[in-house]
Amino acid sequence: MLVLVLTGAVAGILWSLAAPRPPYVMTEKGPVLADPSTQALIAADGWFAIITGALGLACGAVGYSVSRRGRPLPTVLGLATGGLLGAHLARLVGQAVNLGAVSVTAAGQSASLIPGPLEVTAQGVLYAWPTLAVGVFFALEGIAGYRDSPLRRPFGGDDPYGPLSSYDISDR
């Protein structure tokens with residue numbers, strides 16, 4: 001869980017590098033969004049989901065391989081909790097670190113534009129990391145469980161009626 005939380009700081013820096021900043025204009029009332037139709041707000045959420053989702057996929061696969069040696073329940077709880085805390089830390093670090101593009105554009109009048117803060121506007125993207133991590137873990141567990149299941153080999157692996165190729169309709 002601690003590894004996932006610390007990985008959240010790296011994810012926040014990556015998000016700060018990748019996501020565009022929305023353009024703002026300074027007015028007497030303070031900063032105002034220069035272009036309400038900007039796609040920068042949506043792009044920031046998209047980049048956050050891509051970065052944390054990729055980490056969730058990787059963490060789920062690594063968590064599954066680690067749990068094969070022990071009990072899976074603590075691993076699943078660690079993936080869910082660590083992924084959620086890591087996503088929140090990624091959001092905080094990404095908002096605090098300003099490494100992204102500093103040039104901004106807006107449609108309309110030319111004015112003194114400043115890059116706005118990086119924010120997560122769609123709160124659901126915070127759940128991409130833990131959801132994908134736990135989902136990959138359960139998918140891999142299900143595949144391995146089916147492969148090792150005795151239900152795949154009825155009658156203990158032996159078919160009491162013999163192999164399928166020994167049936168001949170003309171013998172009846």
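Modeller: A crossing of two helices is left-handed if the near helix is turned anticlockwise from the far one by less than a right angle, and right-handed if clockwise. This is a predicted model, where local features need pLDDT of at least 70 and side-chain atom pairs count only at pLDDT 80 or more, while totals for chains, interfaces and linings use all residues. Residues are numbered from 1 along each chain as its sequence is written, and side-chain values use heavy atoms, with hydrogens and water left out.

Colleague: Okay, what does the secondary structure of the chain come to?

Modeller: Helices (H or I, at least four residues) and strands (E, at least two) are DSSP runs, numbered from the N terminus. Walk along the sequence and you get α-β-β-α-α-β-α. That comes to four helices and three strands.

Colleague: In what order do the three strands sit in the open sheet?

Modeller: Two strands count as paired if DSSP finds at least two bridges between them. Strand 1 (residues 23–27) pairs with strand 2 (residues 30–33) over four bridges, and with strand 3 (residues 113–115) over three. Both pairings are antiparallel. The order is therefore 2-1-3.

Colleague: And which strands stand at the edges of that sheet?

Modeller: From one strand to the next, the twist averages 45°. Two of the strands have a single partner strand each, so one side of each has no neighbour in the sheet. Those are strand 2 and strand 3.

Colleague: Which residue of strand 2 is the bridge partner of Thr27?

Modeller: Look at the hairpin, where two residues join strand 1 to strand 2. Across from Thr27, the partner in strand 2 is Gly30.

Colleague: At what angle do helix 1 and helix 2 pack?

Modeller: Helix 1 covers residues 2–18, helix 2 covers residues 40–67, and their axes are 10 Å apart. The contact (heavy atoms within 4.5 Å) includes Leu4 and Trp15 of helix 1 and Trp47 and Phe48 of helix 2. Axes are lines fitted to C-alpha atoms, for helices over the stretch in contact, and angles run from 0 to 180 degrees between N-to-C directions. Here the angle is about 145°.

Colleague: How does helix 2 pass helix 4, in a left-handed or a right-handed crossing?

Modeller: These two pack at about 35°, with axes 7 Å apart. Among the residues making the contact are Gly53, Gly56, Gly60 and Gly63 of helix 2, along with Trp129 and Glu141 of helix 4. The crossing is right-handed.

Colleague: What distance should helix 4 span?

Modeller: The expected span is 1.5 Å times one less than the number of residues. Helix 4 (residues 128–147) has 20 residues, and its end C-alpha atoms are 28 Å apart, which agrees with the expected 28 Å.

Colleague: Which helices do the buried residues of helix 4 pack against?

Modeller: Buried means under 20% relative accessible area, exposed over 50%, partly exposed in between (1.4 Å probe, protein chains only). In helix 4 the buried residues include Trp129, Pro130, Val134 and Phe137. They pack against helix 1, helix 2 and helix 3 (72–96).

Colleague: As what does Pro115 count in terms of accessibility?

Modeller: Pro115 lies in strand 3, and its C-alpha is 9.9 Å from that of Ala34, though the two are 81 residues apart in sequence. At 36% relative accessibility, Pro115 counts as partly exposed.
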